[in-house]
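Here is my note for you to read beside the model, set out as numbered points. Please keep the sequence and the 3D view open while you follow them.

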Amino acid sequence: MASNAKNLAELLNNESTITVADVADGSITTAKLADDAVTNAKIGASAVGTTEIADDAVTSAKSDGSIGVGKNVIINGAMNVAQRATSSTGIGASHGYFTCDRWYIYTSNNDGRLTMSQDTDAPEGFSKSLKLACTTADTSIAANELTRIRYRIEGKDVQQIGMGTTGAKPITVSFYVKGNATATYVCELQDHDNSRVATKSFTVGTTWSRVEITFPAETSGNKFDNDVNNSLTISWLLHAGSNFTSGTFSNTGTFAATVDANRALSGQTSFFDSTNRTFFLTGVQLETGDAATEFEHRSFGEELAACQRYYNRI
């Protein structure tokens, strides 16, 4: 215990940072931390180590995300929770949630069909992935065809990005992918509150690889609405007709007004080009900042509880 240790309440109410000499060993517990209280600004560099912090004291509720706890906006990014089913066949005529919680298949006007499943093929450090397997090919692509995986995010969960303010932060998306063959697809962010999109292409190989994409800070325009409605959607565009590929594709990741013709990449891979085609996805993380950090694993119980806010199988 530091000889000049101070009262913790006094420290946390001051503007100054905490140094290791101020904190008694084991004195920081979760009961003593207010929600969102632990930030980088409150802790000096190398000031507080594991000796001073009680086991399991800093949880996602106690952190604002700046120290790496609660940084990942995505729920079930490791694909561990699948309350509805672990496999669903014949997907393509309609869209919806079929297997892994929070992960939606949107498909429109195409004749291709796929099987969606929770799979045990996963990169090191993960046990599950989301797998798509083409079961009916569609090589005659009509102009209005579109297939994508999407994940919707509420406005209250993206306020830390500071969209449309001078203090706006970059958005970094990272995920693990693999497929049966080399392919090129598009990762898209949709700002629903301001009708804008940002796009970047990425490549899939035959072995697991981590894709890291940073979307620049957006200081212009309006903010995300601070509510429980869908403000931001992340999508993986896997199949698109000319209505979505005939314009000017921006590969900068910068937000621009939504123009359907500019959303997909001309010549990108079609997931429905062959019944051999597969696409695996896991370890999805969306965080603020200009660099991808290590994936934030949560317990199965935490992920299940978060998923049950949206769907609860009784």
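1. I begin with one pair of residues, in which Tyr 151 stands opposite Ile 234 in S11. This is a predicted model, and every point below should be read with that in mind. The pair belongs to a longer stretch, since S6 and strand S11 (residues 230-240) pair in the antiparallel sense over 9 bridges.

2. Another partner of S6 is strand S3, and the two pair in the antiparallel sense over 5 bridges, with S3 covering residues 104-108 and S6 covering residues 146-154. To follow this pairing by eye, you can look for Ile 105, whose bridge partner in S6 is Ile 149, and then for Thr 107, which stands opposite Thr 147 in S6.

3. Where do these strands sit in the open sheet of 7 strands? The order is S2-S3-S6-S11-S8-S9-S12, and the pairing is antiparallel. Strand S2 (96-97) and strand S12 (256-257) stand at the edges and have a single partner strand each, so one side of each is left without a neighbour in the sheet.

4. Why can S6 be called largely enclosed by the rest of the structure? The reason lies in a count: 8 of the 9 residues of S6 are buried, and therefore the strand is largely enclosed. For the whole protein chain of 314 residues, 47% count as buried.

5. Ile 149 deserves a separate look, because a residue counts as buried under 20% relative accessible area, and the largest nonpolar core is built from buried residues. That core has 48 residues, and those with the most contacts inside it are Trp 103, Ile 149, Phe 175, Phe 202, Trp 236, Phe 279 and Leu 281. Leaving aside neighbours within four places in sequence, Ile 149 is in contact with several residues, including Trp 103, Trp 236, Phe 279 and Leu 281.

6. In strand S8 (residues 183-191) we find Gln 190, which has 9% relative accessibility and therefore counts as buried. Not counting residues up to four places away in sequence, Gln 190 touches Arg 148, Arg 196, Val 197, Ser 231, Leu 232, Thr 233, Ser 235 and Arg 263.

7. Is Ala 78, at 5% relative accessibility, buried or exposed? Ala 78 counts as buried, although its place is in the loop between helix H1 (8-13) and strand S1 (87-91). Beyond its neighbours within four places in sequence, Ala 78 is in contact with Phe 126, Lys 128, Thr 282, Gly 283 and Phe 295. The C-alpha atom of Ala 78 is also separated by 8.0 Å from that of Ser 127, which lies 49 residues apart from Ala 78 along the chain.

8. For the chain overall, the secondary structure comes to 3 helices and 13 strands. Among contacts between residues at least 6 apart in sequence, 75% join residues at least 24 apart.

9. Finally, please look at the empty space inside the model, where the count comes to 1 cavity of 30 Å³ or more, with about 40 Å³ of space in the largest cavity. Its lining consists of Val 73, Ile 75, Arg 102, Tyr 151, Arg 152, Ile 153, Glu 154, Asp 157 and Tyr 310, and by class this lining has 5 nonpolar, no polar and 4 charged residues. Tyr 151, with which this note began, is one of these lining residues.

Methods
Residues are numbered from 1 along each chain as its sequence is written. This is a predicted model: local features need pLDDT of at least 70, side-chain atom pairs count only at pLDDT 80 or more; totals for chains, interfaces and linings use all residues. Side-chain values use heavy atoms; hydrogens and water are left out. On a 1 Å grid over the protein atoms alone, a cavity is a set of points where a 1.4 Å probe fits but cannot get out, and a pocket is an open set with protein on both sides within 12 Å along at least five of seven lines; lining residues have an atom within 4 Å of a point. Grid points are joined across faces, edges and corners, and a volume is the space filled by probe spheres set on the points. Ala, Val, Leu, Ile, Met, Phe, Trp, Tyr, Cys and Pro count as nonpolar, Asp, Glu, Lys and Arg as charged, and the others, Gly among them, as polar. Helices (H or I, at least four residues) and strands (E, at least two) are DSSP runs, numbered from the N terminus. Buried means under 20% relative accessible area, exposed over 50%, partly exposed in between (1.4 Å probe, protein chains only). Contact means heavy atoms within 4.5 Å. A nonpolar core is a set of buried Ala, Val, Leu, Ile, Met, Phe, Trp, Tyr and Cys residues joined through side-chain atoms within 4.5 Å. Two strands pair if DSSP finds at least two bridges between them.
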